[in-house]
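Subject: Structure for you to look at, with notes

Dear colleague,

Here is the structure I promised to hand over. Please have it open while you read, since my notes follow below it.

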Amino acid sequence: MLEIINFNFNSLVWLIAATFHWASAYFCLSIQKRSKAAKHFLINFLLAGIASFSYFVSSCFYHPVSAIHRYFTIFCVTGALIHVGQVFFYLPEEIYPRVRKIFLYSMWSLLLIVEAIFIIKSFSADYIFHFSGHYWDFTLDEFSKKVGIVILVYSIIVIAIGI
């Protein structure tokens, strides 16, 4: 069992990132009478911490089963983006509540659909070890590109909301 565990620079970096995100989430949680923006920051940091921790596990656990980190990273990274976008609707005060809800519900709905499709497709996919990144993954390159486009579009939407 110990021969498949390999702590390296990459795993240490992701562990530090997870610790930072969860410490930031704890800080948001410790705020008394926190604003709605702080609640969305809290959700963002919790999800980003889970994503970072799943990268940590995948970068130090050399076994095909570590490919399931993709389930967590797709869901958590994109979910964190959604809540960063929500923060902009509350700072310095709440604006466009109807538009905010439309963005929140539609973005989460699309994310859940994409996540479900990815999980279903992964059941029949093979595993591959990417030597360039030192991690195991599913052989879903074409669908992974589409997931990447969804994440990119979400990033652009968050930037547009902020502007």
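What share of the contacts in the protein chain with a separation of 6 or more comes from residues 24 or more positions apart? The share is 70%. Please bear in mind throughout that this is a predicted model.

**Overall layout**

The protein chain holds five helices and two strands, and from the N terminus on these elements follow the order α-α-α-α-β-β-α. Measuring along the principal axes is left to the program, which gives a C-alpha trace spanning about 55 × 35 × 20 Å. Of the 163 residues, 40% count as buried, while the accessible surface comes to about 9800 Å², with 73% of that surface belonging to carbon and sulfur atoms.

**Helices α3 and α4**

Two packed helices are described by the angle between their axes and the distance between the axes. For α3 and helix α4 (residues 97-123), the angle is about 175 degrees and the axes lie 10 Å apart. Angles over 145 degrees count as roughly antiparallel, and α3 and α4 are therefore roughly antiparallel to each other. On the α3 side, the residues that meet α4 include Arg70, Tyr71, Ile74, Phe75 and Ile82, and among their counterparts in α4 are Arg100, Phe103, Leu104, Met107, Trp108 and Phe118.

**Salt bridges**

The structure holds three salt bridges, and I take them in turn.

In one of them, the side chains of Asp137 and Arg70 meet with an N to O distance of 2.8 Å. This pair links distant parts of the chain, with Asp137 in strand β2 (residues 135-138) and Arg70 in helix α3 (residues 69-88), 67 residues apart. Both Asp137 and Arg70 are buried, and Arg70 is also one of the α3 residues that meet α4.

Another salt bridge joins the side chains of Glu94 and Arg100, at 3.8 Å from N to O. Glu94 has a relative accessibility of 36% and so counts as partly exposed, whereas Arg100, at 9%, counts as buried. Arg100 also appears among the α4 residues that meet α3.

The remaining pair is Glu142 and Lys145, whose closest N and O atoms are 3.6 Å apart. Because Glu142 and Lys145 are three residues apart in helix α5 (residues 141-162), about one helical turn separates them. Both Glu142 and Lys145 are exposed.

**A nonpolar patch on the surface**

Leu15, Trp22, Leu46, Ile50, Phe53, Val57, Val65, Ile68 and Phe72 form a nonpolar patch on the surface, and together they have about 700 Å² of accessible area. Helices α1 (9-30) and α2 (36-60) each supply at least two residues of this patch, and α2 gives the most, with four residues.

Why can Phe53 be counted in such a patch? Phe53 lies in helix α2 and is partly exposed, with a relative accessible area of 35%; the patch is made of residues with over 30% relative accessible area, so Phe53 passes that cut-off.

When you go through the model yourself, you might begin with Arg70 and Arg100, since each takes part in a salt bridge and each belongs to the contact between α3 and α4.

With best wishes

Terms used. Residues are numbered from 1 along each chain as its sequence is written. This is a predicted model: local features need pLDDT of at least 70, side-chain atom pairs count only at pLDDT 80 or more; totals for chains, interfaces and linings use all residues. Side-chain values use heavy atoms; hydrogens and water are left out. Patches are made of residues with over 30% relative accessible area and no salt bridge: like charges are joined within 9 Å, nonpolar side chains (Val, Leu, Ile, Met, Phe, Trp, Tyr) within 5 Å. Accessible areas come from the Shrake-Rupley method with a 1.4 Å probe; for residues, only the protein chains shown count as cover. A salt bridge is a side-chain nitrogen of Lys or Arg within 4 Å of a carboxyl oxygen of Asp or Glu. Buried means under 20% relative accessible area, exposed over 50%, partly exposed in between (1.4 Å probe, protein chains only). Axes are lines fitted to C-alpha atoms, for helices over the stretch in contact, and angles run from 0 to 180 degrees between N-to-C directions. Angles under 35 degrees count as roughly parallel, over 145 as roughly antiparallel, 65 to 115 as roughly perpendicular and the rest as oblique. Contact means heavy atoms within 4.5 Å.
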